[in-house]
Amino acid sequence: MNILVTGANGFVGTALIEKLLESGHHITAMVRSKNTDKRKMKNVKWIEGDLLRPDSLPKLENIDRAYYLVHGLKGESGLFEHQEALAAVNFINWIRHTDAGIIYLGGLGAQNKDLSPHLRSRHLTGAILGSSGLPMIEFRASIILGEGSLSFEMVKALTERFPFRPELSLLNQPCQPLALSDLLKYLEAALVLPQEGQRVFEIGGPEVTSYGELLDLYAELSHLKRFKIKLPDVEPKVLMKALDYALPEYADVGKKLTESLEYPTIVTGQESKKIFPEIQPMKLREAMEVARKESKSVYPPMWEKEFLRTLLSDKILTQSGLLSPELLKNLERVGKLKDILSRK
């Protein structure tokens with residue numbers, strides 16, 4: 001098939017292109033800029049374009065299927081929902097003349113309920129693409145475990161960077177992680193489904209877990225001892241401020257994902273099992289181990305005395321009650337334990 005992949009520079013897009021090439025498909029990959037190492041992949045036609053600027057989109061010919069893997073997590077906080085919707089509309093107008101079927105990767109989350117801006121925009125994008133009149137298959141997934149996944153990298157960074165595991169009610173919400181390799185199986189299998197209207201499939205791994213348990217699992221597999229320290233529940237803006245210090249690499253996009261932590265992202269239907277019986281997603285422990293071994297990122301520890309002084313100088317954190325005297329005592333205890341362990 002002749003296949004268009006948008007969001008080709010993302011971790012899902014890059015892995016999907018490699019898988020589709022192995023199956024003999026002809027790939028057109030759209031990126032905002034072709035100045036990237038990923039252009040070295042052979043047998044791929046790379047095109048430049050920005051879905052927020054319709055005049056930048058090149059003319060398309062002979063496209064059978066189009067993957068929509070674009071998201072606005074890196075967009076401006078106050079505008080990204082609007083930008084996501086606008087990008088979806090521009091995408092439809094761009095490919096309409098090809099009559100290509102659309103395959104879209106969205107997000108899990110309860111229907112007809114208040115959701116975070118991130119999850120809300122994922123559903124809105126699916127609704128826009130589905131109302132285009134073009135055949136559309138939408139996959140809704142929770143956390144994807146794989147090298148380069150933002151959710152996985154945040155789990156890794158928090159676990160490796162801090163000598164303790166935060167206990168926070170926000171980390172108790174259920175989610176249903178899916179291995180990257182299994183996601184790719186679903187995305188490829190959609191190519192041969194009948195092209196008829198809009199179809200939505202909820203997909204996930206075999207186990208429901210929580211975000212806190214993901215931190216515990218990563219620590220266990222990495223042989224890292226992490227003492228649990230309970231943190232008080234505070235306003236979201238305080239957590240967002242803390243994220244600036246804890247995960248500076250992912251502060252902007254991480255904040256949008258953090259807003260979604262209070263909402264369950266689990267599979268509620270069985271349609272995907274009926275339509276894709278040959279796909280048996282790997283268990284959580286195996287999926288986490290594969291992601292952990294393949295990940296090449298490095299997160300140096302930052303919980304030192306100087307870092308603690310920086311936190312204590314922030315009025316938002318100190319006045320919120322997040323850095324309570326009891327918490328500071330626990331942090332000091334963990335710091336001493338870390339020093340003792342490092343000398344062994």
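What share of the contacts in the chain with a separation of 6 or more comes from residues 24 or more positions apart? The share is 80%. Keep that number in mind as you look through the views below, which come from a predicted model.

**Figure 1. The whole chain, with its 13 helices and 13 strands.**
Let's start with the overall picture. Of the 344 residues in this predicted chain, 52% count as buried. About 17,100 Å² of the chain is exposed, and carbon and sulfur atoms supply 51% of that area. The pLDDT averages 86 over the chain, and 88% of the residues score at least 70. Residues 340-344 are where to take care, with a pLDDT below 50. Beyond near neighbours in sequence, this stretch has zero contacts in the model. Where pLDDT is low, the predicted coordinates should not be read in detail.

**Figure 2. Helix α4 packing against helix α6.**
Two packed helices are described by the angle between their axes and the distance between the axes. Here α4 covers residues 150-161 and α6 covers residues 211-221. The angle between them is about 65°, and their axes lie 9 Å apart. The crossing of α4 and α6 is right-handed. On the α4 side, look for Phe152, Val155, Lys156, Leu158, Thr159 and Glu160. They meet Leu214, Leu215, Tyr218 and Ala219 of α6. Sorted by character, the residues of this contact are seven nonpolar, one polar and two charged.

**Figure 3. The buried residues of helix α10 and what covers them.**
Helix α10 runs over residues 284-294. Which of its residues are buried? They are Leu284, Ala287, Met288, Glu289 and Ala291. An α-helix has 3.6 residues a turn, so residues three or four places apart point the same way. You can look for that spacing as you step along the helix. The cover over the buried residues of α10 includes helices α4 and α6 from the previous view. Strands β7 (144-145), β10 (178-179) and β12 (209-210) are also included in this cover.

**Figure 4. Methionine 136, a buried residue of strand β6.**
Strand β6 spans residues 136-141, and methionine 136 belongs to it. Is methionine 136 buried or exposed? Its relative accessible area is 1%, so it counts as buried. Setting aside residues up to four places away in sequence, methionine 136 touches Ile102, Tyr104, Gly126, Leu129, Gly130, Gly197, Gln198 and Arg199. Arginine 199 is 63 residues from methionine 136 in sequence, yet their C-alpha atoms are 6.3 Å apart.

**Figure 5. Arginine 199, in strand β11.**
Now move to the partner from the last view. Strand β11 is made of residues 198-202, with arginine 199 among them. Why does arginine 199 count as buried? Buried means under 20% relative accessible area, and arginine 199 counts as buried because its relative accessibility is 17%. Leaving aside neighbours within four places in sequence, arginine 199 is in contact with Met136, Ile137, Glu138, Leu193, Pro194 and Ile275. Phenylalanine 139 lies 60 residues away along the chain, and its C-alpha atom is separated from that of arginine 199 by 8.6 Å.

**Figure 6. Glycine 197, in the loop between α5 and β11.**
Helix α5 covers residues 180-189, and glycine 197 is found in the loop between this helix and β11. With 44% relative accessibility, glycine 197 counts as partly exposed. How many residues apart in sequence are glycine 197 and proline 135? They are 62 residues apart, while their C-alpha atoms are 4.7 Å apart in space. Apart from neighbours within four places in sequence, glycine 197 contacts Leu134, Pro135 and Met136.

**Figure 7. Asparagine 62 and aspartate 99, each with a positive phi.**
Neither residue is a glycine, but phi is about 55° for asparagine 62 and about 60° for aspartate 99. Asparagine 62 sits in the loop between β3 (44-48) and β4 (65-68). Aspartate 99 is found in the loop between α2 (80-95) and β5 (101-107). Asparagine 62 is exposed, with a relative accessible area of 59%. Aspartate 99, at 59% relative accessibility, counts as exposed too.

Terms used: Residues numbered from 1 in each chain as written. Predicted model: local features only at pLDDT ≥ 70, side-chain atom pairs only at ≥ 80, totals over all residues. Heavy atoms only, no water. Axes fitted to C-alpha atoms, helices over the stretch in contact; angles between N-to-C directions. Helix = DSSP H or I, 4+ residues; strand = E, 2+ residues; numbered from the N terminus. Left-handed = near helix turned anticlockwise from the far one by under 90°. Contact = heavy atoms within 4.5 Å. Nonpolar A, V, L, I, M, F, W, Y, C, P; charged D, E, K, R; others polar. Buried < 20%, exposed > 50% of the residue type's maximum accessible area, 1.4 Å probe, protein only. pLDDT = per-residue confidence, 0-100. Areas by Shrake-Rupley, 256 points an atom, 1.4 Å probe, with all protein chains shown as cover.
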